[in-house]
Amino acid sequence: MRVVNGTSEMMKPESVSLHPLGAAAAPVPEMLCIFGTGDLGRSLGLRLLQSGYRVVYGSRRPHSCGPLPQGSQVMSHEAAAQSASLIFICVHREHYGFLETMAPHLAGKVLVDLSNNLKKGIYPEPNAAYLQRLVPGAAVVKGLNTLSAWALQNGLLAGKQ
Ligand SMILES: NC(=O)c1ccc[n+]([C@@H]2O[C@H](COP(=O)([O-])OP(=O)(O)OC[C@H]3O[C@@H](n4cnc5c(N)ncnc54)[C@H](OP(=O)(O)O)[C@@H]3O)[C@@H](O)[C@H]2O)c1
(Lines give C-alpha, C1' and ligand atoms only; values in the text may rest on other atoms or scores of the structure.)
Protein backbone atom coordinates (compact mmCIF):
# COMPACT_ATOMS: atom_id res chain seq x y z
CA MET A 1 0.00 0.00 0.00
CA ARG A 2 1.25 3.56 -0.64
CA VAL A 3 -0.08 6.93 0.60
CA VAL A 4 -0.94 9.69 -1.92
CA ASN A 5 -2.25 13.07 -0.67
CA GLY A 6 -3.12 11.59 2.71
CA THR A 7 -5.12 8.70 1.23
CA SER A 8 -3.96 5.23 0.54
CA GLU A 9 -4.22 3.21 -2.62
CA MET A 10 -3.40 -0.39 -3.37
CA MET A 11 -0.22 -0.99 -5.35
CA LYS A 12 -0.55 -3.24 -8.32
CA PRO A 13 1.77 -6.20 -7.96
CA GLU A 14 4.57 -6.07 -10.51
CA SER A 15 6.10 -9.43 -9.70
CA VAL A 16 4.83 -12.93 -10.35
CA SER A 17 3.27 -14.71 -7.42
CA LEU A 18 5.39 -17.42 -5.80
CA HIS A 19 4.08 -20.88 -5.04
CA PRO A 20 5.41 -22.95 -2.16
CA LEU A 21 7.61 -25.89 -3.15
CA GLY A 22 5.76 -29.13 -2.74
CA ALA A 23 5.40 -32.60 -4.11
CA ALA A 24 3.73 -31.22 -7.23
CA ALA A 25 6.88 -29.26 -8.06
CA ALA A 26 9.24 -32.21 -7.67
CA PRO A 27 10.49 -33.59 -11.00
CA VAL A 28 9.35 -37.10 -11.91
CA PRO A 29 12.35 -39.45 -11.63
CA GLU A 30 13.68 -40.83 -14.89
CA MET A 31 12.44 -44.27 -15.96
CA LEU A 32 15.17 -46.77 -16.79
CA CYS A 33 14.57 -50.13 -18.44
CA ILE A 34 16.27 -53.47 -17.78
CA PHE A 35 15.90 -56.44 -20.10
CA GLY A 36 16.28 -59.68 -18.13
CA THR A 37 15.08 -60.49 -14.63
CA GLY A 38 18.03 -62.72 -13.69
CA ASP A 39 20.79 -62.17 -11.14
CA LEU A 40 22.32 -59.02 -12.61
CA GLY A 41 19.01 -57.47 -13.70
CA ARG A 42 17.55 -57.82 -10.22
CA SER A 43 20.63 -56.47 -8.43
CA LEU A 44 21.08 -53.56 -10.82
CA GLY A 45 17.39 -52.67 -10.58
CA LEU A 46 17.59 -52.59 -6.80
CA ARG A 47 20.50 -50.15 -6.90
CA LEU A 48 18.85 -47.93 -9.52
CA LEU A 49 15.68 -47.72 -7.40
CA GLN A 50 17.77 -46.88 -4.33
CA SER A 51 19.40 -44.13 -6.39
CA GLY A 52 16.03 -42.53 -7.11
CA TYR A 53 15.26 -43.82 -10.60
CA ARG A 54 12.11 -45.61 -11.66
CA VAL A 55 12.73 -49.08 -13.09
CA VAL A 56 10.77 -51.14 -15.60
CA TYR A 57 11.79 -54.69 -16.56
CA GLY A 58 11.31 -56.24 -19.97
CA SER A 59 10.88 -59.98 -19.66
CA ARG A 60 9.82 -63.01 -21.72
CA ARG A 61 7.52 -63.98 -18.86
CA PRO A 62 6.32 -60.82 -17.12
CA HIS A 63 3.61 -62.73 -15.24
CA SER A 64 5.79 -65.50 -13.90
CA CYS A 65 9.31 -64.14 -13.43
CA GLY A 66 10.93 -64.40 -10.00
CA PRO A 67 10.74 -61.77 -7.26
CA LEU A 68 11.83 -58.30 -8.34
CA PRO A 69 12.85 -55.23 -6.32
CA GLN A 70 9.94 -53.50 -4.64
CA GLY A 71 8.74 -50.52 -6.64
CA SER A 72 9.76 -51.87 -10.04
CA GLN A 73 7.38 -52.83 -12.83
CA VAL A 74 7.65 -55.72 -15.26
CA MET A 75 6.11 -56.06 -18.71
CA SER A 76 6.86 -57.41 -22.17
CA HIS A 77 10.10 -56.31 -23.82
CA GLU A 78 8.21 -54.15 -26.32
CA ALA A 79 6.11 -52.36 -23.71
CA ALA A 80 9.06 -51.84 -21.37
CA ALA A 81 11.20 -50.43 -24.18
CA GLN A 82 8.53 -47.84 -24.93
CA SER A 83 8.76 -46.51 -21.36
CA ALA A 84 12.45 -45.59 -21.34
CA SER A 85 15.18 -44.23 -23.57
CA LEU A 86 17.97 -46.15 -21.83
CA ILE A 87 17.90 -49.94 -21.63
CA PHE A 88 20.32 -52.18 -19.72
CA ILE A 89 20.67 -55.53 -21.50
CA CYS A 90 21.05 -58.06 -18.66
CA VAL A 91 20.80 -61.09 -20.92
CA HIS A 92 23.56 -63.46 -22.06
CA ARG A 93 24.94 -62.81 -25.53
CA GLU A 94 23.79 -66.26 -26.65
CA HIS A 95 20.21 -64.97 -26.37
CA TYR A 96 20.64 -61.61 -28.13
CA GLY A 97 18.80 -62.91 -31.22
CA PHE A 98 15.42 -61.66 -29.99
CA LEU A 99 16.78 -58.11 -29.97
CA GLU A 100 17.13 -58.19 -33.75
CA THR A 101 13.41 -58.89 -34.15
CA MET A 102 12.75 -56.04 -31.71
CA ALA A 103 14.94 -53.59 -33.61
CA PRO A 104 12.07 -51.27 -34.67
CA HIS A 105 11.14 -50.80 -31.00
CA LEU A 106 14.74 -50.02 -30.07
CA ALA A 107 15.54 -47.38 -32.69
CA GLY A 108 16.86 -44.24 -31.04
CA LYS A 109 17.40 -45.93 -27.66
CA VAL A 110 20.67 -46.22 -25.76
CA LEU A 111 21.43 -49.89 -25.08
CA VAL A 112 23.97 -50.76 -22.38
CA ASP A 113 25.70 -54.06 -23.06
CA LEU A 114 26.74 -55.58 -19.71
CA SER A 115 27.62 -59.03 -21.01
CA ASN A 116 30.74 -61.11 -20.48
CA ASN A 117 31.74 -64.30 -22.24
CA LEU A 118 32.79 -67.46 -20.46
CA LYS A 119 35.99 -67.73 -22.55
CA LYS A 120 38.16 -65.38 -24.60
CA GLY A 121 37.96 -65.48 -28.39
CA ILE A 122 34.84 -67.63 -28.73
CA TYR A 123 33.12 -65.06 -30.93
CA PRO A 124 34.54 -63.27 -33.96
CA GLU A 125 33.40 -59.84 -32.73
CA PRO A 126 32.97 -58.21 -29.31
CA ASN A 127 29.51 -58.59 -27.76
CA ALA A 128 28.74 -54.88 -28.01
CA ALA A 129 29.69 -54.81 -31.71
CA TYR A 130 27.42 -57.80 -32.29
CA LEU A 131 24.57 -56.05 -30.47
CA GLN A 132 25.11 -52.89 -32.52
CA ARG A 133 24.93 -54.97 -35.70
CA LEU A 134 21.65 -56.54 -34.58
CA VAL A 135 20.12 -53.16 -33.69
CA PRO A 136 21.71 -50.58 -35.99
CA GLY A 137 19.20 -47.87 -35.08
CA ALA A 138 20.19 -47.86 -31.41
CA ALA A 139 23.31 -46.46 -29.74
CA VAL A 140 25.14 -49.31 -28.01
CA VAL A 141 27.39 -48.57 -25.03
CA LYS A 142 29.58 -51.13 -23.29
CA GLY A 143 29.67 -50.77 -19.54
CA LEU A 144 29.11 -52.04 -16.00
CA ASN A 145 30.12 -55.58 -17.02
CA THR A 146 32.83 -55.68 -14.35
CA LEU A 147 30.23 -55.24 -11.58
CA SER A 148 29.09 -58.44 -9.94
CA ALA A 149 25.45 -59.09 -9.13
CA TRP A 150 26.52 -60.36 -5.72
CA ALA A 151 28.40 -57.16 -4.88
CA LEU A 152 25.53 -54.98 -6.11
CA GLN A 153 23.11 -56.93 -3.96
CA ASN A 154 25.24 -57.05 -0.82
CA GLY A 155 27.24 -53.85 -0.94
CA LEU A 156 30.45 -53.13 -2.78
CA LEU A 157 32.57 -53.51 0.36
CA ALA A 158 30.95 -56.76 1.48
CA GLY A 159 33.62 -58.93 -0.11
CA LYS A 160 34.72 -60.34 -3.43
CA GLN A 161 32.58 -63.04 -5.09
N1 LIG B 1 25.71 -62.12 -12.70
C2 LIG B 1 26.73 -61.29 -12.65
O3 LIG B 1 27.35 -61.07 -11.59
C4 LIG B 1 27.17 -60.55 -13.90
C5 LIG B 1 28.17 -59.58 -13.79
C6 LIG B 1 28.56 -58.87 -14.93
C7 LIG B 1 27.94 -59.13 -16.15
N8 LIG B 1 26.98 -60.09 -16.23
C9 LIG B 1 26.34 -60.32 -17.53
O10 LIG B 1 24.96 -60.01 -17.40
C11 LIG B 1 24.19 -60.84 -18.28
C12 LIG B 1 23.11 -61.54 -17.47
O13 LIG B 1 23.75 -62.33 -16.46
P14 LIG B 1 22.91 -62.94 -15.25
O15 LIG B 1 23.87 -63.48 -14.29
O16 LIG B 1 21.89 -61.94 -14.78
O17 LIG B 1 22.17 -64.17 -15.98
P18 LIG B 1 20.84 -64.91 -15.54
O19 LIG B 1 20.68 -64.89 -14.07
O20 LIG B 1 20.86 -66.23 -16.24
O21 LIG B 1 19.69 -63.99 -16.16
C22 LIG B 1 19.60 -63.78 -17.55
C23 LIG B 1 18.19 -63.37 -17.92
O24 LIG B 1 18.11 -63.31 -19.33
C25 LIG B 1 16.79 -63.59 -19.75
N26 LIG B 1 16.83 -64.64 -20.78
C27 LIG B 1 17.21 -65.93 -20.65
N28 LIG B 1 17.08 -66.58 -21.81
C29 LIG B 1 16.60 -65.69 -22.71
C30 LIG B 1 16.24 -65.77 -24.08
N31 LIG B 1 16.35 -66.91 -24.78
N32 LIG B 1 15.79 -64.65 -24.68
C33 LIG B 1 15.66 -63.50 -23.99
N34 LIG B 1 15.98 -63.36 -22.68
C35 LIG B 1 16.44 -64.44 -22.05
C36 LIG B 1 16.02 -64.11 -18.53
O37 LIG B 1 15.14 -63.08 -18.08
P38 LIG B 1 13.53 -63.20 -18.34
O39 LIG B 1 13.15 -64.58 -17.90
O40 LIG B 1 12.97 -62.12 -17.50
O41 LIG B 1 13.30 -62.99 -19.82
C42 LIG B 1 17.11 -64.38 -17.52
O43 LIG B 1 16.68 -64.21 -16.21
C44 LIG B 1 25.18 -61.81 -18.94
O45 LIG B 1 25.52 -61.32 -20.21
C46 LIG B 1 26.40 -61.77 -18.01
O47 LIG B 1 27.60 -62.00 -18.70
C48 LIG B 1 26.57 -60.81 -15.14
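What follows is a chat between a biologist and a modeller about a predicted model.

Biologist: Start with the sheet. What is the order of its six strands?
Modeller: The order is β5-β4-β3-β6-β7-β8. The sheet is open, and its pairing is parallel.

Biologist: Which strands stand at the edges?
Modeller: β5 (73-75) and β8 (139-142) do. Each has a single partner strand, so one side of each is left without a neighbour in the sheet.

Biologist: What holds strands of a sheet together, in general?
Modeller: They pair through backbone hydrogen bonds, either parallel or antiparallel.

Biologist: By how many degrees are neighbouring strands turned against each other here?
Modeller: By 25 degrees on average, with direction ignored.

Biologist: Now the pairs. How many bridges join β4 to β5?
Modeller: Three, and the two strands run parallel. At this edge, Gly58 stands opposite Met75 in β5.

Biologist: And how many between β3 and β6?
Modeller: Three bridges, again in the parallel sense. Phe35 has Ile89 in β6 as its bridge partner.

Biologist: Next along, how many bridges join β6 to β7?
Modeller: Four, with the strands parallel. Leu86 is bridged to Val110 in β7.

Biologist: What stands opposite Val110 in β8?
Modeller: Ala139 does. β7 and β8 pair over four bridges, in the parallel sense. Val110 therefore appears in two pairings, with Leu86 as a bridge partner and with Ala139 opposite in β8.Biologist: Which strands does α1 lie across?
Modeller: α1 lies across β3, β4 and β6. Against β4, the helix runs at about 160 degrees.

Biologist: Pick a residue in that helix. Is Arg47 buried or partly exposed?
Modeller: Arg47, which is found in helix α1, counts as partly exposed because it has 15 C-beta neighbours inside 10 Å.

Biologist: How many residues apart in sequence are Arg47 and Pro69?
Modeller: They are 22 residues apart in sequence, and 9.2 Å apart in space from C-alpha to C-alpha.

Biologist: Change of topic. How many residues are in the largest nonpolar core?
Modeller: It has 29 residues. Those with the most contacts inside it are Cys33, Ile34, Ile87, Phe88, Ile89, Cys90 and Leu111.

Biologist: Which element supplies the largest share of this core?
Modeller: β3, with four residues. Other elements that supply at least two residues each include α1, α2 (77-82) and α5 (127-134).

Biologist: What is Leu111 in contact with, leaving aside its neighbours within four places in sequence?
Modeller: Ile87, Ile89, Leu106, Leu131, Val135, Ala138 and Val140.

Biologist: Why would nonpolar side chains be together like that?
Modeller: In soluble globular proteins, nonpolar side chains tend to be buried together.

Biologist: Last topic, the ligand. How many residues surround it?
Modeller: 23 residues do, and the closest are Thr37, Gly38, Leu40, Ser59 and Ser115.

Biologist: Which helix gives the most to that shell?
Modeller: Helix α1 (residues 39-50), with three residues.

Biologist: How do the shell residues divide into nonpolar, polar and charged?
Modeller: Eight are nonpolar, 11 are polar and four are charged.

Conventions
Residues numbered from 1 in each chain as written. Predicted model: local features only at pLDDT ≥ 70, side-chain atom pairs only at ≥ 80, totals over all residues. Near = placed C-beta within 6 Å. Nonpolar A, V, L, I, M, F, W, Y, C, P; charged D, E, K, R; others polar. Buried ≥ 20, exposed ≤ 12 C-beta atoms within 10 Å, placed from the backbone. Core = buried A, V, L, I, M, F, W, Y, C linked by C-beta atoms within 7 Å. Contact = placed C-beta atoms within 7 Å. Pairing = 2+ DSSP bridges. Axes fitted to C-alpha atoms, helices over the stretch in contact; angles between N-to-C directions.
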